[in-house]
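Reader: I am new to this structure and would like to go through it step by step. Could you take my questions in turn?

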Amino acid sequence: PDLFPGAGKVKISGDCLFGGYYLLPEETRRKLRNGWYHSGDLGFLHAGELYITGRKNDLIIVHGKNYYAHEIEYLVNEVAGVQPGRTVALGCFRPEVGSEEVIVIAEAAPGEASVRTDLAQRVKQTLLDQAGLLVLDVHVVEAGWLIKTTSGKISRIENLAKYEAERTAAAPV
């Protein structure tokens, strides 16, 4: 069932709306259109109140089923051996299956990096058991591997690029 009927993309307009991002014209064009700021949030109005349900960029659609990256990350953070708060769930479109698939990158807790295969299997099993999600890959990495933004958030875009670069470099020629 649809838990949030009428949910949609959150756009903001008003007299005090900023004029754009400093030295980022492409980002400004992407986010500010026709006097509306496209926040990237998803939400709905109920009784005059705005409720935010997630982020558009954090929504991963796997074979027609919606998963929020932060919910996947929460489950992964609960797995023993994963460094809490140091995981990222990424959606990667695979044309051969016609859908996004989920890749999880998780930093191992201190002393756990030597058992990467076992830890990756436990993460996969947890996501299957608790979310019904079969992930494409769980990449267990050393502490400090994940890239953060200047505001301290784990960067989905940069970590996906780093993951893909590592996979490409490791691929047999």
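**Questions on a predicted model**

Reader: Is D118 buried, partly exposed or exposed?

Author: This is a predicted model, and the values here are computed from it. D118 has a relative accessible area of 43%. Buried means under 20% and exposed means over 50%, so a value of 43% makes D118 partly exposed.

Reader: Where is the place of D118, and which side chain does the side chain of D118 meet in a salt bridge?

Author: The place of D118 is in helix α3. R122 lies in helix α3 as well, 4 residues apart from D118, about one turn of the helix. An α-helix has 3.6 residues a turn, so residues three or four places apart point the same way. The salt bridge, at 3.2 Å from N to O, joins D118 to R122.

Reader: Is R122 buried, partly exposed or exposed?

Author: The relative accessible area of R122 is 28%. Buried means under 20% and exposed over 50%, so with 28% R122 is partly exposed.

Reader: How far apart in space are D118 and S99?

Author: In sequence, D118 and S99 are 19 residues apart. In space, taken from C-alpha to C-alpha, the distance between D118 and S99 is 27 Å.

Reader: Which residue is the bridge partner of S99?

Author: Strand β7 covers residues 82–94 and strand β8 covers residues 99–108. These strands pair in the antiparallel sense over 9 bridges. S99 is in β8, and its bridge partner is R94.

Reader: Which residue in the hairpin of β7 and β8 takes a positive phi?

Author: The hairpin has 4 residues between the strands. A positive phi near 70 degrees is taken there by G98.

Reader: Which residue in the loop between β1 and α1 has a positive phi although it is not a glycine?

Author: The loop in question runs between β1 (8–12) and α1. A residue placed there has a positive phi of about 60 degrees and is not a glycine. At 67% relative accessibility this residue counts as exposed. The residue is L23.

Reader: And which residue in the loop between β5 and β6 has a positive phi although it is not a glycine?

Author: The phi value in this case is about 50 degrees. The residue counts as exposed at 53% relative accessibility. Its place is in the loop between β5 and β6, and its name is H63.

Reader: With which residue does E27 form a salt bridge?

Author: E27 lies in helix α1 (residues 25–31), and its partner lies in that helix too, 3 residues apart. E27 is partly exposed at 25% relative accessibility. The partner is partly exposed as well, with a relative accessible area of 44%. The closest N and O atoms are 2.9 Å apart, and the partner is R30.

Reader: How many residues apart in sequence are the parts tied together by R167 and D137?

Author: R167 forms a salt bridge with D137, with the closest N and O atoms 2.6 Å apart. R167 lies in helix α4 and D137 in strand β9 (residues 137–141), so the pair ties together parts that are apart in sequence by 30 residues.

Reader: Is D137 buried, partly exposed or exposed?

Author: Its partner R167 is partly exposed, with a relative accessible area of 36%. D137 has a relative accessibility of 15%. Buried means under 20%, so D137 counts as buried.

Reader: Which residues do salt bridges that share partners join into one network?

Author: A search of the whole structure finds 9 salt bridges. Among the residues in salt bridges, those joined into one network through shared partners are D58, E73 and R156.

Reader: Which residues of helix α2 are buried?

Author: Helix α2 covers residues 69–77. What covers its buried residues includes β5, β6, β7, β8, α3 and α4. The buried residues are A69, I72, E73, L75, V76 and N77.

Reader: How many disulfides does the structure hold?

Author: A disulfide is a covalent bond between the sulfur atoms of two cysteines. C16 counts as exposed at 81% relative accessibility, whereas C92 counts as buried at 17%. The number of disulfides in the structure is 0.

Reader: Which residues form a nonpolar patch on the surface?

Author: One of them lies in strand β4 (residues 49–55) and is partly exposed, with a relative accessible area of 46%; that residue is L50. Together the patch residues have about 320 Å² of accessible area. The patch is formed by L45, L50 and I52.

How values were computed
Residues are numbered from 1 along each chain as its sequence is written. This is a predicted model: local features need pLDDT of at least 70, side-chain atom pairs count only at pLDDT 80 or more; totals for chains, interfaces and linings use all residues. Side-chain values use heavy atoms; hydrogens and water are left out. Two strands pair if DSSP finds at least two bridges between them. Helices (H or I, at least four residues) and strands (E, at least two) are DSSP runs, numbered from the N terminus. Buried means under 20% relative accessible area, exposed over 50%, partly exposed in between (1.4 Å probe, protein chains only). Contact means heavy atoms within 4.5 Å. A disulfide is a pair of cysteine sulfur atoms within 2.5 Å. Patches are made of residues with over 30% relative accessible area and no salt bridge: like charges are joined within 9 Å, nonpolar side chains (Val, Leu, Ile, Met, Phe, Trp, Tyr) within 5 Å. Accessible areas come from the Shrake-Rupley method with a 1.4 Å probe; for residues, only the protein chains shown count as cover. A salt bridge is a side-chain nitrogen of Lys or Arg within 4 Å of a carboxyl oxygen of Asp or Glu.
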